[in-house]
There are 2 protein chains.
Amino acid sequence: MPTGTVTPAHVGDIVRLKDAGLRVTAPRLAVLEALRALDHPSVDAVTEAVRERLGAVSTQAVYDILGAFTAAGFVRRIEPAGSPALFEGRVDDNHHHLICRVCGSVADVDCATGHAPCLTPSERAGFLVDEAEVIYWGVCPSCQGARVSPEGGKAHA
Amino acid sequence: MPTGTVTPAHVGDIVRLKDAGLRVTAPRLAVLEALRALDHPSVDAVTEAVRERLGAVSTQAVYDILGAFTAAGFVRRIEPAGSPALFEGRVDDNHHHLICRVCGSVADVDCATGHAPCLTPSERAGFLVDEAEVIYWGVCPSCQGARVSPEGGKAHA
DNA sequence: CGCCTTTTCTGGAACGATTCAAGAAACAGA
DNA sequence: TCTGTTTCTTGAATCGTTCCAGAAAAGGCG
């Protein structure tokens, strides 16, 4: 492995970071890369991916980076009940999630009517609502076949 | 009022517990009482209320009781992002929640069309959906007046 | 190209919420 | 009342996340 040289790294990522006023660092590029490769990853999953690429990176750094990215609007953090926080790169498009009760896998669902019929609760009790978060709980295709066996056939690493 | 005599306690609660095959104990009755009195309480809030009534009760007992009640269908547990689990006594009626981003207060909202228009995601990706959980994030009446956003409302979501 | 300020990363402790485990106590049926 | 379970107590453990202080990079500037 060539020293200090960062692997491929999309030029777009660098621009993106700079535009957001964030410094360009190897860990950050690796996190962006990981977010592109993984599907709704947890901090842990991102950390693992980043380490595979760069070697040693502190857990804290990944938390910091994901925090900064969330603040910058690069990623969205979702926190399903009973699960650690998950991150997704798709922002700016109003979509919701389907979550499997058995294996925890997450799938995106575009908001049916684009305008979110849900966004307008019948009575809003005086609240100033700015977001409607919808989670559809169910069982994913692969877990349906395996019935309620806790082990099932999870193909996830 | 010292000796082992439990305070009032609704007869209905006792029946309810028995019907569910649960033993009738002071802590359990106190938790039922607390759930009736409090609005979307956390484990902590329930514990506090229970202790006010009975004196010493272990935190673990409250967790156990709430766990048993959840399993029995007496209560529903909701877990808003960034908040400890909250419990509510209203079950069997399909309603959602309005949560204040500032103070965390929770308000119930009946599902607009009774039958949850949300319950049917556009494409369900093969999932077997059994529940649609909707959380409307916003700012409650009292926090609006307080001082959150000097201007009207927050532009982007 | 080096200097300097600022941001970022490291390492380790601290924390809140929740769970696990083992034994003592209380409930309910015979 | 006796007995087998369920439930409660105590105390430690775990998980995910955050807080800290200091060391290490990044980038703008002469």
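User: Which helix gives the most to the surface near DNA strand C?

Analyst: This is a predicted model, in which local features need pLDDT of at least 70 and side-chain atom pairs count only at pLDDT 80 or more, while totals for chains, interfaces and linings use all residues. Residues are numbered from 1 along each chain as its sequence is written, chains are lettered from A and ligands numbered from 1 in the order in which they are written, and side-chain values use heavy atoms, without hydrogens or water. Helices (DSSP runs of H or I, at least four residues, numbered from the N terminus) that each supply at least two residues of this surface are α2 (26-37) and α4 of chain A together with α4 of chain B. The one that gives the most, with 3 residues, is α4(A).

User: Which residues come nearest to DNA strand C?

Analyst: A residue is near a strand if one of its heavy atoms lies within 4 Å of it, and 19 residues are found around DNA strand C. Among the atoms of this strand within 4 Å of the protein, 64% belong to sugar or phosphate and the rest to bases. The nearest residues are Arg23(A), Arg28(A), Ser58(A), Arg23(B) and Gln60(B).

User: How far is a polar side-chain atom of Arg23(B) from a base oxygen of DNA strand C?

Analyst: Polar contacts, pairs of N or O atoms within 3.5 Å, include backbone ones on this strand, with a polar backbone atom of Val24(B) lying 3.0 Å from a phosphate oxygen. The side chain of Arg23(B) also places an N or O atom 2.8 Å from a base oxygen of DNA strand D. For DNA strand C, the distance from the polar side-chain atom of Arg23(B) to a base oxygen is 2.6 Å.

User: Which helix gives the most to the surface near DNA strand D?

Analyst: α4 (59-72) of chain A together with α2 and α4 (59-72) of chain B each supply at least two residues here. The strand has 18 residues around it, with Arg23(A), Gln60(A), Arg23(B), Arg28(B) and Ser58(B) coming nearest. With 3 residues, the helix that gives the most is α4(B).

User: How many contacts beyond four places in sequence does the model have for residues 1-6 of chain A?

Analyst: Chain A has a mean pLDDT (the predictor's confidence in each residue, from 0 to 100) of 84, and 79% of its residues reach 70 or more. Over residues 1-6 of chain A, however, pLDDT stays under 50, and it is also below 50 over residues 148-157 of chain A. Where pLDDT is low, the predicted coordinates should not be read in detail. With contact meaning heavy atoms within 4.5 Å, the number for residues 1-6 of chain A is 2.

Definitions and conventions. Polar contact = N/O pair within 3.5 Å; in protein donor to acceptor, adjacent residues only side chain to side chain.
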